[in-house]
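This report deals with the contact between two chains and with the state of the cysteines.

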Amino acid sequence: MTTVVKQKSDVMLNYLRPKMKFPSVWCPGCGNGIVMGAFIRAINKLGYDRNNMAVVSGIGCTSRMPAYMDFSSLHTTHGRALPYATGVKFARPDMKVAVITGDGDALAIGGNHFIHACRRNIDITAVLINNYIYGMTGGQGSPTTPSGAFSTTTPYGNVEKHFDACNLAIGAGATFVGRATVYHYPQLEKMIMQAMEHKGFSLVEVVSNCHTYFGRLNRRGDASAMLKEFKENAVNITKAKTMTPEELENKYVIGTLYVNDDKTEFCDEYHKLMDVAQKRKK
Amino acid sequence: MTETNQIDESRSRSKPQSKYDYSKGPLPLEINLEWCKACGLCITLCPKQVFETDRNAKPVQARPENCTQCTICWVHCPDFAITSNYK
């Protein structure tokens with residue numbers, strides 16, 4: 001199939017790999033495509049060199065994304081995207097490193113790696129696309145599946161409590177944490193730009209739609225219905241501060257939740273340590 | 001493709017509110033129907049009801065004079081099928 005790449009209006013078409021087959025592998029209406037568009041347009045607005053930028057991913061629907069984008073990319077084992085990205089950043093501190101990961105990839109099998117990347121405060125941007133279910137493997141319950149929600153492995157409703165990835169990252173020591181939904185596209189693009197510019201570990205949690213499994217099993221409707229639900233249930237952080245916890249149940253608090261510019265970055269600290277050790281050796 | 005599109009006139013605005021004049025040039029948007037998967041997001045999210053569906057549930061620009069180039073349809077298109085001819 002020949003891919004017709006237009007140069008006119010949408011700059012993101014220039015960033016797609018011409019050898020990849022399009023349309024993409026995702027289901028019709030999947031939010032991954034919207035996040036991919038936001039990511040590419042954010043990088044284009046920031047003006048980064050695409051050869052000096054690494055995009056790392058693990059396993060899952062979301063982790064198919066770097067294959068379509070014309071950056072240096074690394075497709076790694078399940079849950080281990082952040083350790084690989086740590087290695088890339090450590091070897092090449094001048095490189096911009098972004099990790100695109102899903103909720104099962106980052107919080108279930110890679111949960112340990114996730115909190116330790118937050119703790120080290122290494123200069124990586126993690127875009128965590130949260131669709132509340134394991135989409136690729138057939139709709140099993142993930143750590144973010146809400147209590148009472150149905151999935152293939154919880155046919156009578158989930159009895160477990162779910163992770164809040166943003167609060168987990170703040171507690172573990174990340175220095176930029178934000179949440180957006182796929183409906184709120186301008187905020188999402190702006191937040192990815194802020195996160196890429198931030199020095200330190202930054203997490204952007206994107207609430208996305210999996211209407212094929214989560215929407216179908218929980219009677220949420222198709223992609224349009226789920227995006228409308230995000231529109232109705234999203235609350236900005238400034239408004240959420242005036243609301244009670246009972247009012248905030250089943251709402252998505254969006255916006256920049258936490259920024260800390262004072263914490264030192266891991267690569268800087270390590271290079272200082274190298275200088276000290278080399279002087280002592282002489 | 002012999003069926004004609006039935007345009008619901010009640011959804012159409014009485015006056016075109018766009019500052020762009022599409023009568024001379026091409027249509028406001030270009031839709032890559034090869035990449036389109038007919039998810040319906042552009043049709044639902046368009047605030048000016050520019051689109052209608054064809055027989056494959058893919059979008060057609062039924063009311064191009066309403067389009068204000070607000071970019072909502074093409075930033076929300078998960079398959080990068082919509083681009084603008086004017087912006």
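The text below covers the interface first and the cysteines second.

**Interface of chain A and chain B**

The model is predicted. In it, 29 residues of chain A are in contact with 20 residues of chain B. The two chains bury about 2100 Å² between them, and carbon and sulfur atoms give 65% of this area. Between chain A and chain B there are 6 residue pairs in polar contact, both residues being at pLDDT 80 or more. On the side of chain A that touches chain B, the elements giving two or more residues are helix H1 (31-46) and helix H9 (223-233) of chain A. H1(A) gives the most, with 5 residues. By residue class, that side of chain A divides into 17 nonpolar, 7 polar and 5 charged residues. The rule finds 0 salt bridges across the interface of chain A and chain B.

**Cysteines**

Over all chains, the structure holds 0 disulfides. Two cysteines are set out in the table, each with the closest cysteine sulfur.

| Cysteine | Closest cysteine sulfur | Distance | Relative accessibility |
|---|---|---|---|
| A:Cys27 | A:Cys30 | 6.1 Å | 33% |
| B:Cys77 | B:Cys39 | 6.2 Å | 13% |

Why is there no bond between A:Cys27 and A:Cys30? The sulfur atoms are 6.1 Å apart, which is too far for a bond, as a disulfide needs them within 2.5 Å. The sulfur of B:Cys77 is likewise too far from that of B:Cys39 for a bond, at 6.2 Å. A:Cys27 counts as partly exposed because its relative accessibility is 33%, while B:Cys77, at 13%, counts as buried.

Notes: Residues are numbered from 1 along each chain as its sequence is written. Chains are lettered from A and ligands numbered from 1 in the order in which they are written. This is a predicted model: local features need pLDDT of at least 70, side-chain atom pairs count only at pLDDT 80 or more; totals for chains, interfaces and linings use all residues. Side-chain values use heavy atoms; hydrogens and water are left out. Contact means heavy atoms within 4.5 Å. Buried area is the accessible area (1.4 Å probe) that two parts lose on being put together, summed over both. A salt bridge is a side-chain nitrogen of Lys or Arg within 4 Å of a carboxyl oxygen of Asp or Glu. A polar contact is a pair of N or O atoms within 3.5 Å; within protein, one must be able to donate a hydrogen and the other to accept it, and residues adjacent in sequence count only if both atoms are side-chain atoms. Helices (H or I, at least four residues) and strands (E, at least two) are DSSP runs, numbered from the N terminus. Ala, Val, Leu, Ile, Met, Phe, Trp, Tyr, Cys and Pro count as nonpolar, Asp, Glu, Lys and Arg as charged, and the others, Gly among them, as polar. Buried means under 20% relative accessible area, exposed over 50%, partly exposed in between (1.4 Å probe, protein chains only).
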